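The report that follows describes a multi-chain model by way of its interfaces, its domains and one selected residue. Terms are given with their cut-offs where they are introduced.

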Amino acid sequence: MKASRRPLLTAGLALAAATALALTGCSGGSSSAQNGSSKPSGNATKGSISFWAGPSMVGGQDMNKILITEFQKENPGITVKYIPAPQDTDTNRATLTTQISGGGGPDVYLGDVVWPAQFASHQLALPISQYLPKSYWDTFANGLVAGATYNGKVYAAPFFEDQGFLYYRTDILKEDNLTVPTTWEQLVSDAKIAQSKKQVQYGYVFQGANYEGATCDFMEFLTDAGGKVLSSDGKKSALDSPAAVKALTFEQSLVKQGIAPAAVSTYQETQSMNAFQDGDSLFLRNWDYAYASANGQGSKVAGKVGVAPLPTFQGESGSGYSNIGGWDLYVNPHSKNVAADLTFVKFMTGDTAQKIIATQFSEIPTNQAVRTSADVKASNAVLAIVPQTQLVARPSNSPQYPEVSQAIYQAVNGVLAGSQSPSDAIKSASSQINTAVSNGGL
Amino acid sequence: MSARRSKAGQTGLWIAVGVIILFVLAPIYWMIATGFKTTAGVAAQPPQLFPNPISFENYTSAFTSYSFGTYIMNSLIVSIATTVLVLAFGTLAGYALGRMPIKGKLPILVALLMISVFPAIALIAPLYLLMREVNWLNSYQALIVPYTALNLPFAIWILRNYFMGVPKEMEETSRIDGASPLRTVWSVVLPMALPGLFTAGIFAFTACWTEFLMALSFNSADAFRTIPVGIALFGTPHVTPYGIIFAAATVAVVPIAILVLVFRKSVVSGLTSGAVKG
Amino acid sequence: MVTAGTVPRRGRASRTSSHDARGALPPRRNAYQQSMARLGWGFSAPALVVIAAVTIFPIVFSVVMSFSNVNVLGSGFSIDGFTLSNYTTVFQASVWQYALAFTVGYTVVTVTLEIVIGTLIALVLERLEAFRGWMMAILLIPWSLITVISATLWGYIYDPTYGIADRIFGALGMGSPVILGTPTSAIIAMIVADVWKTTPFVTIIVLAGLVMLPRDVYEAAEVDGASGWKTFWTVTLPLLRPTIALAVLFRILQAFGVFDLPFVLTQGGPRNATTSLAILGYRVMFTDLKFGPGAAVATTTAVLVVLGCLLFLRVFKSQVTETGDES
């Protein structure tokens with residue numbers, strides 16, 4: 001027995017080494033996406049696919065489960081295995097990247113609206129425009145498909161849209177005889193009135209923490225001020241402009257004047273929602289979900305909350321810009337049953353599914369017909385004002401968007417936390433962006 | 001021992017114990033209390049020091065809206081299996097590297113250290129390739145084997161340290177009595193090093209119990225997911241639902257507390273001292 | 001060849017007396033030693049094989065990536081060419097330089113605090129008799145909390161609206177500081193959360209070491225009439241040094257990899273103030289999908305920690321690496 005140990009060890013190590021070598025050999029290779037010669041078009045009637053999406057619970061019901069049940073009713077031959085995904089967006093992306101680059105992963109996955117360029121350039125998503133006709137892409141609301149397009153191909157089907165809204169306290173505006181602000185300047189003066197009367201502690205809460213949300217909020221101020229992040233060819237930064245400095249200076253002034261709490265530099269959606277629901281603030285910038293939340297259980301301002309398009313700067317026409325958020329449906333290049341995947345994607349973006357997500361889960365549908373149908377608009381105050389808003393997309397058509405966004409939110413966060421002046425922050429963010437889009441830096 | 005302590009010393013001791021308990025338990029209390037609050041209770045101002053009303057809604061939703069029962073089961077299976085393997089392999093290797101005349105112990109020990117130094121995030125992607133190659137994705141062994149490997153270095157180091165504290169005379173006696181080295185480890189060294197074994201075991205167990213990234217990446221099927229992955233499914237990208245997260249975390253702490261209470265005798269009774277004195 | 005047991009082991013003089021004579025035994029011992037050495041390898045084999053099988057490939061893979069032009073693609077990792085550019089990129093990046101300084105400082109402060117507090121708590125617990133098991137159970141709760149959860153718990157405690165910390169500061173007349181909003185206070189808040197969670201790790205290691213200390217030494221000290229403190233400094237601490245050194249070593253490894261706390265609490269902010277090397281590495285790899293520079297961050301981190309640990313081992317050689325065959 002003693003003698004047999006040593007060969008065992010040697011054998012074990014050899015085995016390990018062999019495995020390692022075998023893997024290094026194959027890891028560079030590729031497993032082809034769809035080896036069938038006929039082009040799938042989403043009319044499959046049988047097969048089994050997996051669907052990766054973060055659970056979306058309303059009243060203990062998961063939207064994804066309900067939709068899958070509906071899908072199977074229409075397509076009894078196709079089995080959809082639901083894989084609940086982690087809620088944190090970065091964790092979600094990390095897991096998908098690991099799995100897909102490792103040759104595995106789910107067939108269809110729900111991914112952030114800012115992922116297409118990055119995922120396309122890393123071949124983590126299938127260009128599905130090659131399978132689906134133009135008539136399909138025409139069913140979406142304006143501009144959404146463009147956001148999922150990279151180098152002329154569409155890499156994802158928009159599933160639900162999201163965007164920034166202005167939430168306000170109806171009771172206080174009424175008491176003070178104020179109208180819903182249409183300019184940022186008016187928002188400030190309204191806030192000062194309510195604050196001086198001690199009706200609220202703060203005027204406006206938004207997202208200023210060191211994360212993606214701060215980029216979203218800044219995009220709105222920036223576009224209102226007439227600025228933009230990237231040049232039109234996407235090859236260099238266009239951020240270093242008086243408009244950007246104006247936008248960031250305004251954000252900073254909200255804190256400096258006490259309109260926004262100093263803690264806004266630590267606010268993500270959760271914290272800003274907490275402050276608003278606690279009755280601490282007159283206005284709130286948040287996404288579509290905030291309406292139901294502010295009027296729901298645990299909110300001290302339930303029944304006293306209105307929603308409107310975001311304001312813009314004085315002198316600009318129309319409403320302010322709303323940053324586009326939301327989630328898209330992607331197909332894994334490794335999927336063995338692209339036809340069934342596309343059937344599922346088409347169902348999820350079709351009338352039945354889109355109506356369910358709008359009316360039961362108050363998501364903003366991407367399907368133009370559903371979005372504009374009277375019953376959907378009547379089901380939810382937020383959906384009713386969607387047509388009045390102007391949208392702006394983050395510069396996510398650059399594959400280096402994550403780094404561009406880091407440069408932006410770090411600048412915003414640094415300014416809100418008081419460690420930098422707006423003009424310095426914009427300058428350094430701009431040079432960081434230039435480095436990033438030229439694919440340099442860390 | 002306590003008999004000879006002065007009264008003032010005793011009082012001081014109990015004050016110290018009180019401070020420690022307060023420092024450790026105040027946040028834990030806050031977590032447990034929040035888990036029993038309603039959505040309105042979580043948001044109450046001033047904060048409710050005691051949940052009012054006491055609500056089980058967070059617990060119900062963890063178990064009904066999500067498969068939390070399955071996650072607990074999986075965590076138990078993976079953590080227990082890993083702990084057993086780590087202790088078995090770690091005891092043997094720790095004893096060999098502590099007490100047996102192997103050449104080149106120091107390089108091995110340092111190599112073990114280097115392995116535990118390598119950032120886990122850098123291992124995930126290549127390990128995924130490895131797991132996929134051996135067809136282990138979505139299985140218990142996809143977690144048990146890497147967890148065992150990654151927890152062994154620490155276990156070996158720590159067990160070795162405690163084994164070296166066991167008086168050599170005892171082993172000599174056992175050897176002279178004709179016991180094999182394996183038998184000596186089992187019946188002489190291990191009983192003497194029980195506190196060390198307990199320590200190594202509890203660290204291996206908690207490391208598996210709390211590991212997130214590998215569990216998430218290697219086992220995507222809900223049937224093989226563990227508690228940390230389960231908790232990451234709560235809420236939405238924009239909402240941190242404190243109530244349900246803390247309810248689930250409270251449930252997750254229970255097995256560890258039971259484990260410690262069951263095995264606490266091995267630390268409490270000071271077997272070593274008795275043996276040496278005797 | 002100098003073999004184990006022939007050198008009196010330092011720091012344990014009290015127990016080595018009986019086998020000091022073994023080195024003088026006749027050469028027959030060598031055959032026995034050899035068979036024991038073989039058996040020693042046999043004992044170590046299962047552990048070493050598992051560790052090697054799981055870790056060698058990923059570590060080699062990462063190191064190779066750090067020296068190559070890597071592109072992560074859906075079809076796998078495309079790795080080509082030898083390059084040092086990943087490292088030059090990393091070393092030149094001010095965010096890396098800051099993250100390194102932050103991580104080192106954070107490690108030094110938290111590990112020092114945790115070792116001191118943890119050892120003190122272990123000493124207190126060692127004096128308790130029946131209650132010790134319960135205290136262990138209590139202490140293990142923070143340690144066994146899922147790291148993301150404990151970070152979330154502290155996030156809730158520090159929450160500017162709902163947080164109890166804000167109330168406590170208010171009650172103490174300290175106003176309403178933005179706890180996570182300035183670099184200094186955010187770092188302190190992180191340290192508090194870290195000390196709370198990981199001090200039990202130190203306590204448990206040290207306590208197990210304390211419990212296993214030979215009683216006779218204490219009794220001798222008592223007979224000599226030494227005071228409690230004197231016994232601690234002259235008897236307990238020297239005997240405990242290997243155990244404490246072990247706790248320090250592994251705490252350094254863990255602290256250097258701090259990730260979940262800033263990931264949840266501060267997202268590395270304000271700006272970059274709490275960006276640790278692990279946060280940076282994760283972001284570069286999994287958010288920016290730059291696996292080459294990301295692997296370079298990881299490899300550099302590992303090398304630096306190994307160097308730190310070797311330095312530490314050198315200083316504490318007699319305690320930690322007491323193998324008996326290094327002299």
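## Contacts between the chains

The contact between chain B and chain C takes 94 residues from chain B and 84 residues from chain C, where two residues are in contact if their C-beta atoms, placed from the backbone, lie within 7 Å. On the side of chain B that touches chain C, the residues divide into 71 nonpolar, 15 polar and eight charged; in this classification Ala, Val, Leu, Ile, Met, Phe, Trp, Tyr, Cys and Pro count as nonpolar, Asp, Glu, Lys and Arg as charged, and the others, Gly among them, as polar.

This is a predicted model, in which local features need pLDDT of at least 70 and side-chain atom pairs count only at pLDDT 80 or more, while totals for chains, interfaces and linings use all residues. Residues are numbered from 1 along each chain as its sequence is written, and chains are lettered from A and ligands numbered from 1 in the order in which they are written.

Chain B also meets chain A, with 29 residues of chain B in contact with 33 residues of chain A. The elements that give two or more residues to the chain B side of this contact with chain A are α2, α3 (57-64), α6 (120-133) and α11 (213-218) of chain B; helices (H or I, at least four residues) and strands (E, at least two) are DSSP runs, numbered from the N terminus. The largest share of the side of chain B that touches chain A, seven residues, is supplied by α6(B). By class, that side of chain B holds 15 nonpolar, 11 polar and three charged residues.

## Chains B and C and their domains

The secondary structure of chain B comes to 15 helices and zero strands, whereas chain C has 14 helices and two strands. Of the 278 residues of chain B, 56% count as buried, and buried residues make up 54% of the 327 residues in chain C; a residue is buried if 20 or more other C-beta atoms lie within 10 Å of its own, exposed if 12 or fewer, and partly exposed in between, with C-beta atoms placed from the backbone. Among the contacts with a separation of 6 or more, residues 24 or more positions apart account for 75% in chain B and for 69% in chain C. Taken along the principal axes, the C-alpha atoms of chain B fill a box of roughly 70 × 65 × 25 Å.

Each of these two chains has a domain 1 and a domain 2, with bounds that come from an automatic or database domain assignment. The table gives the bounds and the separation of the domain centres, taken over C-alpha atoms.

| Chain | Domain 1 | Domain 2 | Distance between centres |
|---|---|---|---|
| Chain B | residues 1-55 | residues 66-277 | 29 Å |
| Chain C | residues 13-82 | residues 88-320 | 28 Å |

In chain B, seven residues of domain 1 are in contact with six residues of domain 2. The helices α1 (7-35) and α2 (39-43) of chain B each supply at least two residues of the domain 1 side of this contact, and the largest share of that side, four residues, comes from α1(B). By class, the side of domain 1 of chain B that touches domain 2 of chain B has three nonpolar, three polar and one charged residues.

In chain C, 11 residues of domain 1 are in contact with nine residues of domain 2. Two or more residues of the domain 1 side are given by each of α1 (13-16), α2 (28-66) and β1 (68-73) of chain C, and the residues of that side are five nonpolar, five polar and one charged.

## A buried valine in chain B

B:V86 lies in helix α4 (residues 68-99) of chain B, and B:V86 counts as buried because 29 other C-beta atoms lie within 10 Å. Leaving aside neighbours within four places in sequence, B:V86 is in contact with B:T148, B:N151, B:L152, B:A155 and B:A204. By contrast with these contacts, the C-alpha atoms of B:V86 and B:N135, 49 residues apart along the chain, are separated by 23 Å.

## A sheet in chain A

Four strands of chain A form an open sheet in the order β10-β11-β9-β12, with mixed pairing; two strands pair if DSSP finds at least two bridges between them. The edge strands, each pairing on one side only, are β10 (202-205) and β12 (305-308) of chain A. Three bridges join β10(A) to strand β11 (residues 281-286) of chain A, and these two strands run parallel. In β11(A), A:F283 is the bridge partner of A:Y204.
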